[in-house]
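Here are my notes on the model you sent round. I went through it point by point, so have the structure open while you read.

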Amino acid sequence: MFTRRHLVLLVVLSPSLAILAPLNFHSSPSPADATILIINAQLADGTGAPLREGALRIRNHRIASIGKLSPAPGEQVLDAHGLVLAPGFIDIHNHSIDGFDTDPLAETQIAQGITTAIQGPDGDSPWPIKNWIEQRRKHPAALNVAVFAGHATIREQVMGKDFKRLATPQEIEKMAQLTWQAMNEGAIGLSSGLEYEVGSYSNTAELVAMARSAAEHGGLYSTHIRDEADKAFDALVEEIEIAEQAHIPVDHSHIKLGTIAVQGKAPEYIRVIEEARNRGVDFLADCYPYDAWHSNLKVIVPDKQYENPKSVAKAIADLGGPDHLIITEFKPNTSYVGHTLAELAKSNKLSPVEMFIRIVREGDAANTEAQVIGHSMIESDIKAFYQQPWVMVASDGGIGSAHPRGAGTFPRVLGRFVREKHWLTLPEAIRKMTSLPAQRLNWKDRGILREGAYADLVLFDPTTILDHSTFAKPQELPVGIEKVFVNGILVWSVNKPTGATPGQALTR
Ligand SMILES: [Zn+2]
């Protein structure tokens, strides 16, 4: 069925014009009447409905029509025979804040079919939100962006460096006000990272107060919960409590069970979530398609006793051993990079616990921390999560990511989980990448193929689509994504960015 590997650019009636300038619309907006017609595509409309063959016309940044359409005189025509045409992928958990200034074409992102990348997850956002949005409008990227207000960011605005304690009621009130302000300035919701240094000192009441402010503006609560390891169930219960008390829709970030003690317990985890959903909690989660996470070294020690041999030994054992931890970045000693904790311990003639403590001390002395990848999730849990209708696909990566998810997430799901393993149907996988995140963001005119919706589009070959990024080569581009349009403008074609930067900074 899907045999044709290449698109043919057909030109109807006005060949010279279109051949000379097939892409000349990408630096300036198209004239209102200029159209592009994509014919013979297998349409995956984003709703999860079965594929159907059809044509789609783009006019003035939007989808003008869908169905059995014939080329108009002078119209640019793309023959998409053998290809799937889907809404552009919305990555609801993306870390590209630092990347847009130096890499506005965002090659690793659009090469995956991402047309909207949501920034500021895990509690860490730019501030003030208004300035960031203005900056992005002045210097647009190839893809659309939007931003959360970060809980830790706001907490630091209020508490400064004195954050290693519970906040006072007055401070909480101030944080709620700043959340309110951030929402007014265009944030799409509140994010938290409760496993990290600043956010971890907060209590539930503080989060409820801030989430209420976000909810009053129609925002959502995106959360990297307090524990994804031994206490993952307690952390989930707290998350649900916050959602219920603040009446806020939730996106549980990168759902996972990351230690030996909880591995394999996805069915129980899912049951707790289903019970909450049945009570009316508006709960969605996102998941990246890898069995390894990427974070800082200290995150594995939940009691924060980073130099206590007992705590460290337990943390290492919980991951499955010192060979499950790889250093990806460490400024004080770059020779550690690329090695496992087990290898470093051996070469330094130390125990893994001693080696861990040494890296912590060297990091502290340089006021930095090692970045690590931890292999501690199992496939059956990942599969169980992906098969839930309320789980979205998100990367948790971004421009310049040291984890292969930064360049591979969406093609990996379509190539490995859909085509090779049959965990999901293609339309269902597309729904998780498009209309489901759009629904979470309350966006009615993105994430779906519908007349009048924005023409954020991906054309890909379902027989070849695949990630190529690895832990050794995290930036390697995927294959199979043929064309990507953002707001009706072609941004990715013939395996490279077109140079167009039609991305918008989106708000609620
Ligand atoms: Zn996170």
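Which hand does the crossing have where α13 passes α14?

1. The crossing of α13 past α14 is right-handed. Keep in mind here, and in every point below, that this is a predicted model. Helix α13 covers residues 405–420 and helix α14 covers residues 426–433. Their axes lie 10 Å apart, and the packing angle is about 155°. Angles over 145 degrees count as roughly antiparallel, so that is how α13 runs relative to α14.

2. If you want to see who does the touching in that pair, pick out Phe410, Val413, Leu414 and Val418 on the α13 side. Across from them, α14 brings Leu426, Ala429, Ile430 and Met433.

3. There is another helix pair to look at, α4 (residues 151–159) with α5 (residues 169–184). Here the axes come within 9 Å and cross at roughly 130°. That angle makes α4 and α5 oblique to each other, and their crossing is right-handed. From α4, the contact uses Ile154, Arg155, Gln157, Val158 and Met159. The α5 side supplies Glu171, Lys174, Met175, Leu178 and Thr179.

4. Now the metal. What coordinates the zinc ion? Asp122 appears twice, through OD atoms, alongside ND1 of His224 and NE2 of His254, with distances of 2.0 to 2.8 Å. Along the chain, the donors are spaced as D-x101-H-x29-H. Histidine 224 sits in strand β12 (residues 220–224), while histidine 254 is in the loop between β13 (250–252) and α8 (266–278), so the two histidines tie together parts 30 residues apart in sequence.

5. Why is the zinc arrangement called irregular? The angles subtended by the four donor atoms run from 51 to 131°. To count as tetrahedral, all angles would have to lie between 85 and 135 degrees, so the 51° end of the range rules that label out. For reference, the ideal tetrahedral angle for four donors is 109.5 degrees.

6. Histidine 254 deserves a second look for its backbone. Its phi is positive, about 30°, although the residue is not a glycine. With a relative accessibility of 2%, histidine 254 counts as buried, and its zinc partner histidine 224 is buried too.

7. Histidine 247 also has a positive phi, near 50°, and is likewise not a glycine. You'll find histidine 247 in the loop between α7 (232–246) and β13. Buried or exposed, then, for histidine 247? Its relative accessible area is 68%, so it is exposed.

8. Don't skip the peptide bond between tryptophan 127 and proline 128: it is cis, with omega about -10°. Proline 128 belongs to the loop between β8 (114–119) and α3 (129–138).

9. One last proline. Proline 437 lies in helix α15 (residues 435–440) and is buried, as its relative accessible area is 0%. Leaving aside residues up to four places away in sequence, proline 437 touches Ile90, Ile92, Met392, Arg431 and Lys432. Alanine 246 is 191 residues from proline 437 along the chain, and their C-alpha atoms are separated by 21 Å.

Conventions
Residues numbered from 1 in each chain as written. Predicted model: local features only at pLDDT ≥ 70, side-chain atom pairs only at ≥ 80, totals over all residues. Heavy atoms only, no water. Donors = N, O, S within 2.8 Å, 3.2 Å for Na, K, Ca; no water. Tetrahedral: all angles 85-135°; square planar, octahedral: opposite > 155°, others 65-115°. Helix = DSSP H or I, 4+ residues; strand = E, 2+ residues; numbered from the N terminus. Buried < 20%, exposed > 50% of the residue type's maximum accessible area, 1.4 Å probe, protein only. Axes fitted to C-alpha atoms, helices over the stretch in contact; angles between N-to-C directions. Parallel < 35°, antiparallel > 145°, perpendicular 65-115°, else oblique. Left-handed = near helix turned anticlockwise from the far one by under 90°. Contact = heavy atoms within 4.5 Å.
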